[in-house]
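Please open the model in a viewer and keep the sequence panel visible. The stops below are given in the order in which they may be selected.

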Amino acid sequence: RLSIVFGILIIALLAYTLYYLLPKIGNLKIDPAKSVLVLPFENFTGTDTLDYFMAGMHDAMIGEIGKTKAISVKSKTTANAYKDTEKSIPEISRELGVNTIIEGAVLSIGDSVSLQVKLYTAYPEERELMVQNFSVERSQILDLYNKVKKEVFEQINVILSPEDESLLESRSIDPEAYDAFLRGQYLWEHLHPDSMRKAIDYFEIAVNIEPDWAAPYAMLGSSWFAQAYLGFIPWTKALPKMKYLDKALELDPNSAITHYNVGIIAAWVEWDWEKAEKELLKSLELYPNYVLCRIYYAHLLMIRRRPDEAVQQANIALELDPLSPLILDLNGRVMQNAGDYTTAISRFEKAYTINPNYGMVVGHLEGIYYD
């Protein structure tokens, strides 16, 4: 009898170890070796006023790699938690369950852009797979991301499918338009009335310089929607401006961010559940690692009374962005709706621990304790 009890304890200990220490891929069904973290880019240009440019390039690199179905990429919020970290590559790998880590350093920004990329693997031991400099004319910066992506994938044995190849955006962009676009993105993320208005000004500059580039139109539509959704302006003022999204889709039918925004508007403005689901699924088809689309698709599935699917999508989102208070909070709401109060409380409490000033999660904690 003692040997049976001892055997059960050993199995339980092994199960606990496997569950908590090995990389959790879950429903993504991704080889752990193909899970990637792109660390925030370092600024080696000698100019201290380029934070917006570093952030924009970092975001673009995550987005480009994340378009591939064979790769699981941690989101920007989680990556930014390791900015200026003193933790080693193996430590970061263990904490996030990733095996491939990319470091980037922007060496120069002038008529050309130069990016140094270091690629590490952490399993079975830390190894530096690649150190390479990539330089392009500033107008060809979109091609820079494609070059890095292809080289990284070659090193980790990922083959781009024909669909992936077709989504590679390679075109010239006027440097002033791209600079305005990145400034707008940087301000947009502050989600403040003043910064949102300034972001719109920059996106309009980008549109005026590059009228056939879809990205700034998509961000204009998103900005007007966000202002109304956050209560900064009335819907009557925002709705006509959200038509910028139609122009973005006309210029680029394969824009994941545009399909996402159209889906969000269909769900929470037009109350058209079928259209919303179609658009969000299209966005995820184009960008499987799009964490915001995943979590809001989970919330749409709650509305459509499909709780099991909602939990699945919410957990994928959390795997992609485990250190984001927003994703933790929204994941907790899905768990609460599904009746899993214990998990929901743990999500809310972790979000609160990361950011005690995150007001929404305080209200959600109050509500679930009441429940």
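Begin with N157, which is exposed because its relative accessible area is 64%, over the 50% cut-off. The model in view is a predicted one. N157 sits in the loop that runs between α5 (141–155) and α6 (162–166). Its backbone deserves attention: phi is positive, at about 60 degrees, although N157 is not a glycine. Most residues other than glycine have a negative phi.

Next, select D84, another non-glycine residue with a positive phi, here near 60 degrees. D84 belongs to the loop between α3 (76–80) and α4 (89–96). With a relative accessible area of 70%, D84 is exposed.

**Salt bridges**

Now display the charged side chains. How many salt bridges does the count come to? The count is 17 salt bridges.

Select R138 and D179 from this set; their side chains meet in a salt bridge, with an N to O distance of 3.4 Å. R138 lies in the loop between β6 and α5, and D179 in helix α7 (residues 175–188), so the pair ties together parts that are 41 residues apart in sequence. Are R138 and D179 buried or exposed? Both residues are buried.

Move along to helix α5 and select K147 with D143. These two form a salt bridge whose closest N and O atoms are 4.0 Å apart. Because K147 and D143 are four residues apart in helix α5, about one helical turn separates them. K147 is partly exposed at 39% relative accessibility, and D143 is partly exposed with a relative accessible area of 21%.

Helix α8 (residues 193–209) offers a further pair, D194 and R197, which are three residues apart and therefore separated by about one helical turn. Their side chains meet in a salt bridge with an N to O distance of 2.3 Å. Both ends are partly exposed: D194 has a relative accessible area of 39%, and R197 one of 44%.

To finish with the charged groups, select E277, R304, R306 and E309 together. A network of salt bridges links these four residues.

**Nonpolar interior**

Turn to the interior by selecting F53, M57, L144 and Y178. These are the residues with the most contacts inside the largest nonpolar core, which has 98 residues. Which helix gives this core its largest share? Helix α14 (residues 291–303) does, with nine residues.

Centre the view on F53. Leaving aside neighbours within four places in sequence, F53 is in contact with I109, R138, I141, Y178, D179 and L182. The list includes R138 and D179, the pair already seen joined by a salt bridge. It also includes Y178, one of the residues with the most contacts inside the core.

Another core, of eleven residues, lies apart from the one just visited; among its members are L39, A79, Y82 and Y120. In soluble globular proteins, nonpolar side chains tend to be buried together.

**A nonpolar surface patch**

Return to the surface and select L191, Y229, L230, W235 and L239. Together they form a nonpolar patch with about 450 Å² of accessible area. Within this patch, W235 is found in helix α10 (residues 235–241). W235 is partly exposed, its relative accessible area being 31%.

**A strand position**

Select S135, in strand β6 (residues 127–137). S135 counts as partly exposed because its relative accessibility is 49%, which falls short of the over 50% required for exposed. Beyond its neighbours within four places in sequence, S135 is in contact with V113 and S114. With S114 there is also a polar contact of 3.1 Å between the side chains. For a further distance, add S108: the C-alpha atoms of S135 and S108 are 9.1 Å apart, while the two residues are 27 apart in sequence.

**Last stop: helix α17**

Finally, select K350 in helix α17 (residues 341–354). At 39% relative accessibility, K350 is partly exposed. Which residues is K350 in contact with, leaving aside its neighbours within four places in sequence? They are P322, L323 and L328. A C-alpha to C-alpha line drawn from K350 to I62 spans 24 Å, and 288 residues separate the two in sequence.

Technical notes: Residues numbered from 1 in each chain as written. Predicted model: local features only at pLDDT ≥ 70, side-chain atom pairs only at ≥ 80, totals over all residues. Heavy atoms only, no water. Helix = DSSP H or I, 4+ residues; strand = E, 2+ residues; numbered from the N terminus. Buried < 20%, exposed > 50% of the residue type's maximum accessible area, 1.4 Å probe, protein only. Contact = heavy atoms within 4.5 Å. Polar contact = N/O pair within 3.5 Å; in protein donor to acceptor, adjacent residues only side chain to side chain. Patch = residues over 30% accessible without salt bridge, like charges linked within 9 Å, V, L, I, M, F, W, Y side chains within 5 Å. Areas by Shrake-Rupley, 256 points an atom, 1.4 Å probe, with all protein chains shown as cover. Core = buried A, V, L, I, M, F, W, Y, C linked by side-chain atoms within 4.5 Å.
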